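Please open the structure in a viewer and keep the selection tool at hand. The stops below are meant to be followed in order.

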Amino acid sequence: RDRPGTRPREECLRCMAGQPQGRFELDDGRVVAMAAERIAHTRAGHRAWPARRDAAAAAGVPCEALGDGVSVAVDEWTNCEPDALLNCGEVAAGDAVAAPNPLIVVEVTSPSNSRIDLDTKFIGYFRVPSIRHYLIVHLTKRVVLHHVRRQDGRIESAILGTGALALAPPGIALRIEDLFEG
């Protein structure tokens, strides 16, 4: 398809891999530099990783928790990099840059990305058939927006400040408080 000024995902991934520094996403064929993350943002993403890993291990589900740096291929023209994800089923190859079967994606909001997380990525992630849960961790408000795709395809949303969050599938639970500092 003719898309002036854009390039398909595989071509862009090769280009991005050759960059000496910085992080990038691909939005509809355009390479977009990601803003530097604040320490609080990075800490929240790192807290989400062991919470998902430990919950998957406790539930005995065949899933791997992956942190920042692993991407989600939305389509040929779009590649997003969540702050954390849970890949279930097919294990990702060691040289892969995208999770083959992401089930849960987690984004931590920051001043530079909250609008993108709330609309562009929301639409994109739910175009990926394997994704069932999209969690947006809002640091300043200390809430988690949980979007879940139901069996019939409907997307339901909840705003959670405390307590357990059941994520089925894969059949795990997280404590909301574990995603925040202190």
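The tour begins with the whole chain and then turns to the sheet, the disulfide, the cores, the aromatic pairs and two loop residues.

**The whole chain**

Begin with the complete chain, bearing in mind that this is a predicted model. Colouring by secondary structure brings out three helices and twelve strands. The protein has 182 residues, of which 43% are buried. Among contacts with a sequence separation of 6 or more, 51% link residues 24 or more positions apart.

**The six-stranded sheet**

Next, select strands S3, S6, S7, S8, S9 and S10. They make up an open sheet in the order S3-S6-S7-S8-S9-S10, and the pairing is mixed. Which strands stand at the edges? They are S3 (63-67) and S10 (155-160); each has a single partner strand, so one side of each has no neighbour in the sheet. On average, and with direction ignored, neighbouring strands of this sheet are turned by 15° against each other.

Within the sheet, isolate S6 and S7. This pair runs antiparallel and is joined by four bridges. To see the register, display Ala84, which stands opposite Val106 in S7.

**The disulfide**

Now show the side chains of Cys63 and Cys88. A disulfide joins these two residues, with an S to S distance of 2.0 Å. The count of disulfides comes to one. Viewed along the S-S bond, the link between Cys63 and Cys88 is right-handed, at 105°. Cys63 belongs to strand S3 and Cys88 to strand S6, so the disulfide ties together parts that are 25 residues apart in sequence. Cys88 is buried, its relative accessible area being 8%. Select Cys80 as well: this residue has 8% relative accessibility and likewise counts as buried.

**The largest nonpolar core**

Proceed to Ile104, Leu135, Val137 and Ile172. These are the residues with the most contacts inside the largest nonpolar core, which has 25 residues. To see where the core comes from, colour the elements that give two or more residues to it: helix H2 (39-59) and strands S6 (84-88), S7 (102-108), S8 (133-138), S11 (164-167) and S12 (172-175). H2 supplies the largest share, with five residues.

Centre the view on Ile172 and display its surroundings. Apart from neighbours within four places in sequence, Ile172 is in contact with Arg52, Ala55, Ala56, Ala59, Val61, Leu86, Ile104, Leu165, Ala166 and Leu167.

**The second core and Ile131**

A second core, separate from the one just visited, has 15 residues, including Val72, Leu85, Ile131 and Tyr134. Select Ile131 for a closer view. Where is Ile131 placed? Ile131 lies in the loop between helix H3 (114-125) and S8. Is this loop residue buried or exposed? Ile131 has a relative accessible area of 0%, so this residue is buried, the cut-off being under 20%.

Show the residues around Ile131. Not counting residues up to four places away in sequence, Ile131 touches Val72, Pro102, Leu103, Val105, Tyr125, Phe126 and Arg149. A distance drawn from the C-alpha atom of Ile131 to that of Ile104 reads 5.9 Å, although the two residues are 27 residues apart along the chain.

**The aromatic pairs**

The count of aromatic pairs comes to two. Begin with Phe122 and Phe126: their ring centres are 5.5 Å apart and their planes stand at 70°, so this pair is edge-to-face. Phe122 has 21% relative accessibility and counts as partly exposed, whereas Phe126, at 11%, counts as buried.

Then select Tyr125 and Tyr134. This aromatic pair is also edge-to-face, with 5.0 Å from centre to centre and 70° between the planes. Tyr125 and Tyr134 are both buried.

**A last stop at Arg142**

Finally, select Arg142, which is in the loop between S8 and strand S9 (143-149). Arg142 has a relative accessible area of 37% and is partly exposed. Add Thr162 to the selection: the C-alpha atoms of Arg142 and Thr162 are separated by 9.0 Å, with the two residues 20 residues apart along the chain.

Terms used
Residues numbered from 1 in each chain as written. Predicted model: local features only at pLDDT ≥ 70, side-chain atom pairs only at ≥ 80, totals over all residues. Heavy atoms only, no water. Core = buried A, V, L, I, M, F, W, Y, C linked by side-chain atoms within 4.5 Å. Buried < 20%, exposed > 50% of the residue type's maximum accessible area, 1.4 Å probe, protein only. Contact = heavy atoms within 4.5 Å. Phe/Tyr/Trp six-rings, centres within 6.5 Å; stacked < 30°, edge-to-face > 60°. Pairing = 2+ DSSP bridges. Axes fitted to C-alpha atoms, helices over the stretch in contact; angles between N-to-C directions. Disulfide = S-S within 2.5 Å.
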